[in-house]
Amino acid sequence: MTTTVYARVESPLGELLLVGEVRAADGPDTAEGVRLSSLSVPGQKGGVAVQDGWRHAPEAFTDVVRQLEAYFAGRSTRFDVPLAEGLGTEFQRRVWAVLESIPYGSTVSYGEVAAQVGASGAGVRAVGTAIGRNPLLVVRPCHRVIGADGALRGYAGGLERKKLLLGIEGGAGRSTS
């Protein structure tokens, strides 16, 4: 049996809503047992809202919060967070895997992501949609994807937050290719 737990934490992006899954065998109060399924910000396009039956359990997210604080303070460049399995379609998971491979402080274009997943031409739009459905803002760095012309485009959390994240990383406009 799986229990859905959540916590709200403050950040430079505003309040973050962390949602995770805990298997009964792991115990609902153990930070080791939580698998992150969503990290969203207020007003996020497609963001989740707390549902009936979810359990408020900030203690389950201690390690995630520690890693987020280190990232926002510029002391960490990566996340090592257990993620919930089975989220998204097969295509979305392929796109999200590319996002996870974009180095800290670097950016790539939507077209470059499309090429990596074999979705050229009109597939760029599908890639943009998959990126927009990323349920793990910050942790899965969709903010590192920009327009081919270097412009900031399409961030579910809002372009101001995308700009802030790229500023933290010092990577606004730096491409890996």
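Is Glu 15 buried, partly exposed or exposed, and what is its relative accessible area? I started my notebook there: Glu 15 is partly exposed, at a relative accessible area of 31%. A reminder to myself before going on: this is a predicted model.

**Entry 1: Glu 15 and its partner**

I looked for a charged partner and found Arg 8, which forms a salt bridge with Glu 15. The closest N and O atoms of this pair are 3.5 Å apart. Arg 8 is partly exposed too, with a relative accessible area of 43%. For the tally, I noted seven salt bridges in the structure, and I followed up two others below.

**Entry 2: helix α2**

Next I turned to α2, which runs over residues 90-101 and has twelve residues. From its first C-alpha to its last I noted 17 Å, close to the 16 Å expected at 1.5 Å a residue.

Which residues of α2 are buried? My list reads Gln 92, Val 95, Trp 96, Val 98 and Leu 99. They cover an arc of only 150° around the axis, so they sit on the same side of α2. The general rule is handy here: an α-helix has 3.6 residues a turn, so residues three or four places apart point the same way.

I then asked what these buried residues pack against. The answer was α3 (110-116), α4 (123-132) and β6 (145-146).

**Entry 3: a salt bridge within α2**

Still in α2, I checked Arg 94 and found that it forms a salt bridge with Glu 90. Their closest N and O atoms are 3.2 Å apart. The two are four residues apart in the helix, which means that about one helical turn separates them. Arg 94 is partly exposed, with a relative accessible area of 34%, and Glu 90 also counts as partly exposed, at 45% relative accessibility.

**Entry 4: a salt bridge between two elements**

My last lookup was Glu 169, which forms a salt bridge with Arg 144. Here the closest N and O atoms are 2.8 Å apart. Where do the two partners lie? Glu 169 is in helix α5 (residues 159-169), while Arg 144 is in the loop between α4 and β6, so the pair ties together parts that are 25 residues apart in sequence.

Are these partners buried or exposed? Glu 169 counts as buried at 6% relative accessibility, and Arg 144 is buried with a relative accessible area of 6%. Buried means under 20% here, so I am happy to file both residues under that heading.

Terms used: Residues numbered from 1 in each chain as written. Predicted model: local features only at pLDDT ≥ 70, side-chain atom pairs only at ≥ 80, totals over all residues. Heavy atoms only, no water. Expected span 1.5 Å × (residues − 1). Buried < 20%, exposed > 50% of the residue type's maximum accessible area, 1.4 Å probe, protein only. Arc of directions from axis to C-beta. Contact = heavy atoms within 4.5 Å. Salt bridge = Lys/Arg side-chain N within 4 Å of Asp/Glu carboxyl O.
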